[in-house]
Each structure stands twice: as C-alpha cells, then as structure tokens.
Amino acid sequence: MSVISRSIAGSEASASPRTLLDELHDWVVTVDHKRLGIMYVLTALMFVVVAGLEATLMRLQLAWPGLHIVPPETFNRLFTMHGTTMVFLFGIPIVFGFGNYLVPLMIGARDLAFPRLNAFGFWILLFGGLLLHFSVIGGDGLYGAGTAPAIGWFAYAPLTGRAFTPGNATDYWNLAIFVTGIGTIATAVNLVTTTLTMRGPGMTFGRLPIFVWVMLTVSAMTLLILPPLSAAQIMLLLDRYLGAHFFDTQAGGSAIMWQHFFWFFGHPEVYVLMLPGFGFVSEIIPVFSRKVIFGYTTIVLATVSIGAVSLSVWAHHMFTVGMGAPLNSFFALSTMLIAVPTGIKIFNWLGTMYGGKLVFRTPMLFCCAFLFQFLCAGLTGVMLSVAPFNWQLSDSYFVVAHFHFVLVGSLLFTIFGAIYYWFPKVTGRMLSERLGRWNFWLLVIGFNVTFVTMHVQGLLGMPRRIYTYQADRGWEIWNLITTLGVPLQAIAILIFVVNVIVSLRKGEPAGSDPWDAWTLEWATTSPPPPYNFEVVPVTTSRRPLWDLKHPDDPDGPHE
Amino acid sequence: MNAASMVTVPATAVPHAWRGRIGILGLILAEISLFGVFVVAYLFYIGKSLSGPYPKDVLDVPILATICLLSSSISVALGEKALHRGEVRRAGLWLLVTVLLGGFFLGATAREWHRLIYVAGLTIGTNLFGTTYYPLVGLHASHVIIGLVMLTLCCVFAWTGSLRQVHADRVEIVSWYWHFVDAVWVVVFTVVYVIGR
C-alpha cells in the first residue's frame, strides 16, 4: 500500500520540470510490475539483437564452403554465446517480462505479491547477462586477451573440465547462468504467489485468462527444473576449483550425469519458453476471431499436462549416448505422448477461428503464421522422438532446423504478435499497421527461406557446429539459400525497431481498449496508472469486459 | 460496473498471511529440487569410489546431533505458537532454545568435518565419496546457517522488544523454512548414514 501512495505522490510532484536523471532514477528504484515488465522486455530485446548478430556472423561463415570470415575458435564462441544468450537472456526475460506486466492486470491485482523481490529478480538477471558478456573482456583472466566461452550452450562434460577449458571463460558461463537462475526462481515464486493469492473479486480459477494459467504452469515448472541446473553448475564449479570428481571420468565420475542434469532442466525449459507463446495465441486469436476461445477447459488441461509430461522427456536428447533399449523406449514414448495435448491445442485454436469473423490485423497475422510453422516444428519433433531416426539425425542440421522452427518460427512469431497486440496498452499508442505488415511478411519469408532449407542440409548429413565444410558434399547451395534468408529477417527486425520508435512519437492514440477485447487489462487506461485499477472490476465470467459492455447478454450462463 | 456487481460473485479474497506462506512453499519446492539433484548424485556414486577411505570406515552416525536438530523443530513451533498468543517473552525463549539446538548441530557437523579432513584424510578431492559427501552435507549445513541467522535475528528482536504479536505471521514463515531444513536432514541422514554406510 505504501508503495502505491508513494508513486501517486511522485506523479503529483512531477509538476516541476523533471530532469532525465530523475526519470532514470525512477526506473532504477521502481518496484512497479509494469515498469519491471517493460525493462525485462527491453533487456530481452537488447540481448536478442546481440545473439542475432552472432547468428548472422555464423551464417556468413557457412554461406559457402571453405570460407574464413571468422577464425574457428571464434566460431565456437559464437554458437555458444548465441545459444546461451537466446535461451537465458532473451527467452526467459521476455516470457517473464510479459508475465510480470500482464498477470496482475489480467487478474485484477495492483502489483505482484512481492514487488521488491520482483525488482531483485530483474536486476540480478540483467547483471547475470552482463557478467556473461563481460567474458569477452575477462574470459582468460590475467594471461592474455579475453574470450567468450566456447563450450556450446549445453556445456557437456568433460569439455568443461579444467584440463580442456583452462582460463575463466567457462566459469563466466557457469556463474552468469547460475546468477540469472536465481532471478528467474525469484520471479517464478512471485508469479505463483500472485496468481494464487491476489486474484480480484470474482476471478475464480475457472475464469482465469489462459495466459495466466500458462504463466502459473511455467512458473511452477521453473521452480522444479531450474534448481537442478543450478545444482549441476555448483558441481561443475566444485570440479573446476576444489578438485571434486562429479564429472571427472578418470576418478570414476560420470560425464553422462551432466547430460541428465542439464537436460532435466533443458527440455522442460523449452516448454517454459513455448507455453507462454501458446498463452499469447490463446489471448489473441479469440479477439481477432470475435469468438470465445473454443474449449477453454481443454486448453487449460492441455497446458497443465504438457507441463507435467515435459518433466519426463529429457533424455530424448541423449538417444545417441547408449542408454539401452528400455530407457530409449520410455523417453521416445513420453516424447510422443506430449504431442497429444499439443495437438489438442492446435485444434482448439482452429476451432476458435472456425466460423469466426476473422480480422487480419498484425497480431493475428503472426498467430496464423505461428499455426503453420508450429505444426511443422511439432511434426519434426515427433520424427526426432523415434529413437532409430534420431540416431541418424542427432547433432545434424535437421535438429537445428527443428528447434529453430520451435523457438523462432513459433515462439518469436507469437512474441511479435504479443508485442503488436499489447503495445497500445503499454504505451498508449498503436504500432503502425503498414510497417507491421512489412515486418510480418519479410519475417515469414526470411524465416522460411532460412530454416526450411536447413532441414535439407541436415538430411544430407551436415553436422551442426562445424566451422566449415568441403565443396563436394552437396550442401553448398542449401547453405547459400539458408544464409540468403538472413538479410530478409534482419530487415524485418529493423522495420520493427523503426515502427516502435516512430509509433512511440507519432502513433495513433490507442485509447483503453483498441481491439474491443475482453480481458481485464483492457479495462484500465493505456498506459495503466501505477495502481492499475481505480476500482478493481468485478469478474463475472471468462470475458469480464464482454459482460461490462453487454450487460443484456452476459457470458456467464453460456459457460 | 453496478450492473455487473449485482451478479453473485464467488469470493476469491485470500487472507494476506497466505502470500508469505505460498511464497515460502514455492521456495521450498525449488529447494527440494536442488537437494534432489545432490541426493541423486550421492546415491548414484555409492560404492563407486576407486580408493578409500570408504563411508563405513570413517562415518559415525551423528545420533545426538540429529536428535537436537529434530527437536529444534518442536521448539520453533512452540515459539511461533507463543507469539501468535502474544506471549513475546516465552516466544523469545523458545526461539533461543531453537538457536542453541541448531548451533549444537552445526558444531557437531564442524567437528565431524574436522575429524574427516585431518584424521581420516578425506577431502572433496580424495574420491567420489568425498566428492558427493561434502557438497550434500555442506549444502544442508549452509541452509542450517541461513536458518540460524534468521532465528537469531528474531531472538534479538524479541530481546529488544521489537518483536510483537503482529509479527507472528512472519516468524511462522521462518519456522516453516526451519521445518524444511529439518525434513531435509531426515533425507540426508537416511541417504548418507543409513543407505550409504
């Protein structure tokens, strides 16, 4: 309460001219979930540009056989930093940033349960990210120039042992990710507590927006899966500095153990990133189909069961390790099982669109592309879950293509949809529809040019993480096409940045509810005041705003 | 808004105390996961050490320390209940008893480590037993230390008169954390001193 009254006092005092320093100071000391959410998203966007540039360099290097655009050691560092940054410093902050911003607004709360813990979570994540990138200067410590880590984003033992990666680069990776993990756990605790204890009047579990259900699920998952990574990282640190033997095979330790611990985190992590994407889609598609979401209960159950099953699929990353037939079969079957709830969701979204009055604004365009691309991603996923097929294609570009279809073709597209959808709420101004369409079409074309062809290289046997390749393998034309898609995507991102900057200054004023939507965040002004709602609206159905706009025909009786 | 508020509204208001409780339960869930990995590593490496010393040669079962730690769960619960009733002095005394019992446990761990390192010659780098034993027991001991710091603070506040009945909900959160630390010890004890020995 005191926080709220202070912010109100702050806005009254702003009659006197405020300097840039005042403004910055406000952002640094803020505990407001909306400002922290914005900072999360901006942090994520900053890191996605860095990681995108790293990918661009890699694609240039691979565009044609025998190129030497970057040295081989640099190439290893590039793919390590690209993967690590994308997962831990883009994926996690953008997902939890949206959760931060939207969950309290959607459930009719004034802030998260622990606002200061929230600020702690953000800042420690940001500084963890900076620590990782400081390795570029400080990675080798005192002797010699700095380097980034070159161990791959999953940092397999024994490559991470002192004998194979001397210097401090690996430690920067280890500690930076450990530190960001602490921040993520703090935020997950916060979101779970907020959703369980701070729902507004009438906001029962059966009426929670699907995005809130999703964030509840992924936060609970985060609590279960991130600590094992932290534990494994503590073990690695003990191995490297105190001479422990957790992953040291010469003393009887097991390098495979790292793989188990890492993927026990690593695979559910994919769902922690992807489920919020499903949440965005489940909010956007109904609004632009002018229809209630089809099968609310089914989507919620599918979300929770994806979360549950995803905890038992991790070793499908390890089919080539030689786990034996029983384990291989178990993980192959559990991985196929996860396609069931996921497939249900696709039919839910299609069912929502079926017979709807479709409005193809930019957010909806991104969701439609998501449906196609996610279906492809899911199908290659089921292919890879077949262990013998996986033995052929593990560690090939087919795998790279598969998970980029998930993380770019699905997650990034839903994130763009979400940004176009909620930007008016956050800033009070609409993004330009014209630039949005350019952004969308260039990204769709660029993405598919790059990543559809990548499947082919994989099927032709091109292993991932190679620095260059010989000319007679039949890979060169496919690699060239893959690289040609990159500038299209880069231009799309550039257009997006221009769109944001232009629209912030000259965008059409949005009003509180530009899309005629139904969830509570649209009931308050754009941007919302620090206290979110003057009077918290009473929720009477899954579409509280519909009930307010149409008191003659409320939703409740139809649910 | 008036039209909507006339519809029957199921109550969703959750008492404020549950924020802290859900928060600490979330943290405890994460901690269970953290400990789980060290426990799995310990179990996996039982009997795989390439050289001695082996657990059955050097480990003594810390029965007295375990009794102390487990009974400190009772004393912290009594302290927290007393504070809920407004008996600050009594609460402070029970918290002090908890700190002393926890301190004894920590002292026993320190003595055991000293003996293992200097007499038995077992360090974290000696063999897989040392590699898994020190991190698992040490992780638990570090949680005991954090709990002791929080409990000592509560004691000091009770002594200075800053701790009042209104703070009972917060002391309750500390007590939940302490119960967790005790429960983990039951698991660690079973794994290290019963199964592993």
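Before I begin, one term: the helices I mention are DSSP runs of at least four residues, numbered from the N terminus. With that in hand, I can say that A:Pro527 sits in the loop between helix H16 (476-506) and helix H17 (544-549) of chain A, and please keep in mind throughout that what we are looking at is a predicted model.

Let me stay with that proline for a moment, since the peptide bond that leads into it, from A:Ser526 to A:Pro527, is cis, with omega near -10 degrees. Another cis bond runs from A:Ala157 to A:Pro158, with omega near 0 degrees, and A:Pro158 is found in the loop between helix H5 (115-138) and H6 of chain A. That loop between H5 and H6 of chain A also holds A:Ala155, which has a positive phi of about 45 degrees although it is not a glycine. As background, most residues other than glycine have a negative phi, and most peptide bonds are trans.

Turning now to the helices of chain A, helix H4 (residues 72-107) and helix H14 (residues 397-427) have axes that come within 12 Å and cross at roughly 35 degrees, and this crossing is left-handed. Among the residues that make the contact are A:Phe90 and A:Phe98 from H4(A), together with A:Ile415 and A:Trp422 from H14(A), and by class the contact divides into twelve nonpolar residues, two polar and one charged.

In chain B, helix H4 (residues 63-85) packs against helix H5 (residues 88-118) at an angle of about 160 degrees, with the axes 8 Å apart. Angles over 145 degrees count as roughly antiparallel, and H4(B) and H5(B) are therefore roughly antiparallel to each other. Here too the crossing is left-handed, and the contact has 17 nonpolar, five polar and two charged residues.

What, then, do chain A and chain B bury between them? The figure is about 3100 Å², with 78% of it on carbon and sulfur atoms, and the contact takes 42 residues from chain A and 35 residues from chain B. On the chain A side, A:Thr197, A:His245 and A:Phe246 lose the most area to chain B, together 16% of what that side buries.

Finally, salt bridges: the rule finds zero across the interface of chain A and chain B, while the count over all chains comes to 17. One of them joins A:Arg240 and A:Asp171, whose closest N and O atoms are 2.7 Å apart, and this pair links distant parts of the chain, with A:Arg240 in helix H7 (residues 210-241) and A:Asp171 in helix H6 (residues 169-197) of chain A, 69 residues apart.

Technical notes:
Residues are numbered from 1 along each chain as its sequence is written. Chains are lettered from A and ligands numbered from 1 in the order in which they are written. This is a predicted model: local features need pLDDT of at least 70, side-chain atom pairs count only at pLDDT 80 or more; totals for chains, interfaces and linings use all residues. Side-chain values use heavy atoms; hydrogens and water are left out. Axes are lines fitted to C-alpha atoms, for helices over the stretch in contact, and angles run from 0 to 180 degrees between N-to-C directions. Helices (H or I, at least four residues) and strands (E, at least two) are DSSP runs, numbered from the N terminus. Angles under 35 degrees count as roughly parallel, over 145 as roughly antiparallel, 65 to 115 as roughly perpendicular and the rest as oblique. A crossing is left-handed if the near helix is turned anticlockwise from the far one by less than a right angle, and right-handed if clockwise. Ala, Val, Leu, Ile, Met, Phe, Trp, Tyr, Cys and Pro count as nonpolar, Asp, Glu, Lys and Arg as charged, and the others, Gly among them, as polar. Contact means heavy atoms within 4.5 Å. Buried area is the accessible area (1.4 Å probe) that two parts lose on being put together, summed over both. A salt bridge is a side-chain nitrogen of Lys or Arg within 4 Å of a carboxyl oxygen of Asp or Glu.
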